[in-house]
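Let's take a walk through this structure together, one stop at a time. Have the sequence and the 3D view handy.

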Amino acid sequence: MRWIWIDRFTEFSSGSHACGVKNVTLGEEVLDEYCPGYPMYPPTLIIEGMAQLGGILVAEHFSFEKHVVLAKVGKSKFHQPARPGDQLCYEVHLDSVQDVGATVVGKSHCEGKLQAEIGLMFAFLEEGRFTDGPLFRPVDLRSMLRAMNFFNVAVDSDRNPISDYPALLAAD
Amino acid sequence: MALAEEDIFAKVQEALVDALGVDDDEVTEDATLVGDLGAESIDFLDIVFKLEKAFDITIPREELSPEDILTNSQYVQDGVVTAEGMAELKRRMPWADLSEFEKNPRVQDFGNLLTVRDLCSYVKSKLG
C-alpha cells in the first residue's frame with residue numbers, strides 16, 4: 001500500500017493554493033475496520049491527504065529545498081462522512097509563512113457541499129539537527145508528483161507552467 | 001489607532017484558545033503558557049502565527065524564545081543564568097516580568113516563565 005492519500009492534483013498555483021481529489025472506494029482496506037457496518041473513510045486520512053497537499057504547497061514555495069513536516073493539526077470540523085463512491089475535492093491555501101514554519105487552511109467538498117475544514121501547521125526541520133539530507137529521495141518525490149498529475153496543472157505566480165525543480169533533479 | 005489593553009487581551013485570548021484548545025476562562029492574565037495552559041514547544045510557533053495575523057505584526061523568533069542567550073556559556077553557568085545573562089534577558093524582553101525568575105534563575109525554569117500578561121505586554125510593545 002502506498003501512503004498517498006490524494007489521487008490527483010487538479011490545480012496548483014505556486015505560493016497560493018493547491019487543489020486535488022481523493023476518490024473513496026469500497027475496495028480500500030482502510031474502510032473495513034474504521035466503522036464496522038457503516039463503511040466510511042477515516043477523517044484522519046482526510047487530514048493526512050490535506051496535509052500531503054498542503055505540505056507540497058509549502059515545500060514548493062521553497063523550491064523543495066526545505067524539510068517540511070506536519071507539526072500540528074489545528075481547528076478541524078467534519079460536516080459529513082465520506083462514503084464509498086464519494087469524490088472529495090480538497091483545496092488548501094497558504095495562510096502564513098515564516099522562516100521556521102508555515103500554516104495552511106484547507107477545505108474538502110463533496111458534490112459541492114462542504115465536507116470538512118482543516119487548519120494545519122508545518123515546521124521546517126533544521127539541517128543536521130533532526131535530519132541529514134532530504135526527507136525523500138529527490139527522484140522519488142519527483143515520480144510521486146508526476147504520478148499525481150502535479151506537472152500537468154502546476155503554474156508559478158505569473159501563471160506560467162512549471163516543468164521541473166533543480167532540487168528534484170539533484171543526484172541522490 | 002492604538003488598541004486598548006482589553007482589546008489586546010481579547011485577541012491574545014482568542015489566539016491561545018485556538019492554538020491550545022483551552023477554554024476562554026482558563027486564559028487569565030496570570031496563567032502561565034506552559035504550566036497552566038499546557039503549551040508545548042511546537043505550540044509557540046502556532047501562537048506566533050496567530051498573533052502575527054491577529055495584530056498584523058512580525059514576531060522575530062528570538063524575541064519570544066531567547067534560546068541563544070540561554071544556551072550561551074557567556075550568559076549561563078552550571079545551568080544558572082549569570083548577572084550578565086539576566087541583563088541581556090531584560091534587554092531582550094523588557095515586556096516580561098522577570099522578577100520571580102531572577103530570584104533563582106535556573107535555565108530549566110525559564111520555559112514556564114511567560115504568562116498571558118507578558119504576552120499581552122509584548123504585543124503592546126510591538127504595536128507601539
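Start in chain A with A:Glu111, which is exposed, with a relative accessible area of 77%. Keep in mind as you look around that this is a predicted model. To find A:Glu111, go to the loop of chain A that sits between β5 (101–110) and β6 (113–125). Its backbone has a little quirk: phi of A:Glu111 is near 50°, a positive value in a residue that isn't glycine.

Stay in chain A for another stop of this kind. A:Asn149 also isn't a glycine, yet its phi is positive, near 65°. You'll spot A:Asn149 in the loop between α3 (138–147) and α4 (150–153) of chain A. Is A:Asn149 buried, exposed or partly exposed? With a relative accessible area of 25%, A:Asn149 is partly exposed, since buried would call for a value under 20%.

Now hop over to chain B and look for helix α5, residues 83–92. Its buried residues are B:Gly85, B:Met86, B:Glu88, B:Leu89 and B:Arg92. Where do they sit around the helix? Look down the axis of α5(B): the buried residues fall within an arc of 160°, so they line one face of the helix. Turn to the other side of α5(B) and you'll meet B:Ala83 and B:Arg91, which are exposed.

So what does that buried face pack against? The buried residues of α5(B) have several partners in chain B: the helices α3 (61–64), α4 (67–70), α6 (99–103) and α7 (107–110), plus the strand β2 (80–81).

Conventions
Residues numbered from 1 in each chain as written. Chains lettered and ligands numbered in written order. Predicted model: local features only at pLDDT ≥ 70, side-chain atom pairs only at ≥ 80, totals over all residues. Heavy atoms only, no water. Helix = DSSP H or I, 4+ residues; strand = E, 2+ residues; numbered from the N terminus. Buried < 20%, exposed > 50% of the residue type's maximum accessible area, 1.4 Å probe, protein only. Arc of directions from axis to C-beta. Contact = heavy atoms within 4.5 Å.
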